[in-house]
Amino acid sequence: MTVKDKNILIGITGGIAAYKICELIRMFKKNGANVKTVVTKNALEFVTPLTLQTLSQEAVYTEQFVTEDRKPEHIALCDWADIFVIAPASANTIGKIANGICDNLLTSLACAYQKQIIFAPAMNTGMWNNKAVRQNISFLKSTGAVFVEPESGYLACGTEGKGRLADINSIYEAAYNCISNNEFLKGKKIVITAGGTKENFDPVRYIGNYSSGKMGTALADRAFEAGADVCLIKTFPLERSYSTIDVQSAAQMLDAVKQEFADADILIMTAAVADYRPEKTADLKLKKDTTEELVLKLVKNPDILSEMCKIKKEGQTVIGFCAESNNLLEYAKQKIQKKNCDYIIANDISRKDTGFSSDYNEVFILDRDLNIKKLEKDTKNNIAKKILESIWQKPAI
Ligand code: CTP
């Protein structure tokens, strides 16, 4: 399946990232798609109609009340488009669409459009974090809209933070996936754990680790896009339109995993589960005046992955992660055998450019027969997609 001969409608709103959409149009055209663009007045401050027209080889739509084929223009374009990609999507346009406001051609189209809309937001970090914007996004996600999350980094307004338009490849891929209806996990329930557990030793202090949860989140997002019924068990705040469960400690994670895995097809243990927890948790905050030294006795936590592999039923697939700072493949081989899981995804956490906290990863997939497949360094989003595809779409490794 390709985008060849598919009709892509691209909505461009006013923001500096608008210039990047020229590249997106070029990618779709290069791959054989038909592209039409609809732009807001503000977008025209950043890109010219001539550029868009030249790249798309189509007229650029700006006015709400011009007609084509005697149909009101928004209806004609709605019928034509196989998919509607709004990029960059400003806070203003997202807000208007979430509230059914139709004050220009782009928002009118979004209101009338009944197929898949993909939003690729780009805005200042403060706007991205604004409660009204969060609520609008959350509502649109609940209606089935796909969001290609912005990235963190240097923003055109001179600040650092989340809000930079996602990589053009990711926007292209999101559209490609929707178009190709690549729902290879449809009908499957997948449970994914993400983040590092926190093991309290008093009500306000804990032993934890640096896991960011990015890999687990990327896997959950991609599994959702692939049609799975996703349950993400996580140790950090995150809003998603699929099911999420918040836990803190390994014990809480074990309970949640046990419960959710019972009727699941797949379990992916991405979480960095603390191997040990303080033997005792004080009921009250420890006071430093009471002792010069604080000695914590740690006891072993249950190994959730091993426990689940013991009770796993025919047809259930369990995947573990293996984070190592040395002898990666050797330890990975030992772990798949010791824990008895179906696959292990091994990654080297000693590298600064991949692994913990990074947006990138490079991993090896090992199966029970110890076949190894390397996935070269890529964004965690792409690695997540490739892991799922390697295991479920193509013949195993
Ligand atoms: N894991 C788990 N429960 C634990 C510890 C780890 O379910 N108490 C899971 C992790 O989610 C991961 C896999 O086991 O999928 C391997 O985790 P890792 O930290 O690499 O290995 P450990 O088993 O903890 O062994 P070690 O820390 O000695 O390398």
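Visitor: Which residues of α4 are buried?
Guide: In this predicted model, the buried residues of α4 are A91, T93, I94, G95, K96, I97 and A98.

Visitor: What makes α4 a mostly covered helix?
Guide: α4 spans residues 91-98, and 7 of its 8 residues are buried. The word is earned by having under 20% relative accessible area, so the helix can be called mostly covered.

Visitor: What do the buried residues of α4 pack against?
Guide: Their partners are β6, α5 (105-112), β7, α6 (125-129), α7 (131-142) and β8 (146-147). Just after the helix comes G100, with a positive phi of about 70°.

Visitor: Why does G208 count as partly exposed?
Guide: Its relative accessibility is 44%. Buried would need under 20% and exposed over 50%, so G208, at 44%, falls in between and is partly exposed. You will find G208 in the loop between β13 (205-207) and α9 (214-225).

Visitor: How far is G208 from K96?
Guide: The two are 112 residues apart along the chain, and 41 Å separates their C-alpha atoms. K96, you may recall, is one of the buried residues of α4.

Visitor: Which residues of the largest nonpolar core touch the most other members?
Guide: They are I8, I10, I21, L24, F28 and I171, out of 35 residues in that core. At least two core residues come from each of β1 (7-12), α1 (21-30), β2 (34-39), β6 (83-89), β7 (117-121) and α8 (168-179). Another core lies apart from it, with 30 residues that include F184, A228, I268 and F321. As a general point, nonpolar side chains in soluble globular proteins tend to be buried together.

Visitor: What is I8 in contact with, leaving aside its neighbours within four places in sequence?
Guide: Its contacts are F28, A33, N34, V35, K36, W80, I83, V85 and I179. Each counts because it has heavy atoms within 4.5 Å of I8.

Visitor: Which residues of α1 are buried?
Guide: I21, C22, L24, I25, M27 and F28 are buried there. These buried residues pack against β1, β2, α2 (49-56), β6 and α8. After α1 comes G32, whose phi is positive, near 90°.

Visitor: How do you know that A271 makes a polar contact with the ligand?
Guide: A backbone N or O atom of A271 lies 2.7 Å from an oxygen atom of the ligand. The cut-off for such a pair is 3.5 Å, so this one qualifies. K335 reaches an oxygen atom of the ligand with a polar side-chain atom, also at 2.7 Å. For A323, a polar backbone atom is 3.2 Å from a ligand oxygen, so this pair passes too.

Visitor: How much of the ligand's accessible area does the protein cover?
Guide: On its own the ligand has 570 Å² of accessible area, and the protein covers 78% of that. There are 16 residues around the ligand, and M269, A271, L305, K335 and K339 come nearest.

Visitor: Why is the chain called as compact as a globular protein of that length?
Guide: The chain has 13 helices and 22 strands. Its radius of gyration is 24 Å, close to the 21 Å that the globule rule gives for 397 residues, which is why the description holds. Its C-alpha atoms fill a box of roughly 75 × 55 × 35 Å along the principal axes.

Visitor: How many of the residues of the chain count as buried?
Guide: Of the 397 residues, 50% do. The chain exposes about 19,500 Å², and carbon and sulfur atoms supply 49% of that.

Technical notes:
Residues numbered from 1 in each chain as written. Predicted model: local features only at pLDDT ≥ 70, side-chain atom pairs only at ≥ 80, totals over all residues. Heavy atoms only, no water. Core = buried A, V, L, I, M, F, W, Y, C linked by side-chain atoms within 4.5 Å. Buried < 20%, exposed > 50% of the residue type's maximum accessible area, 1.4 Å probe, protein only. Helix = DSSP H or I, 4+ residues; strand = E, 2+ residues; numbered from the N terminus. Near = heavy atom within 4 Å. Polar contact = N/O pair within 3.5 Å; in protein donor to acceptor, adjacent residues only side chain to side chain. Areas by Shrake-Rupley, 256 points an atom, 1.4 Å probe, with all protein chains shown as cover. Rg over C-alpha atoms; globule rule 2.2 N^0.38 Å.
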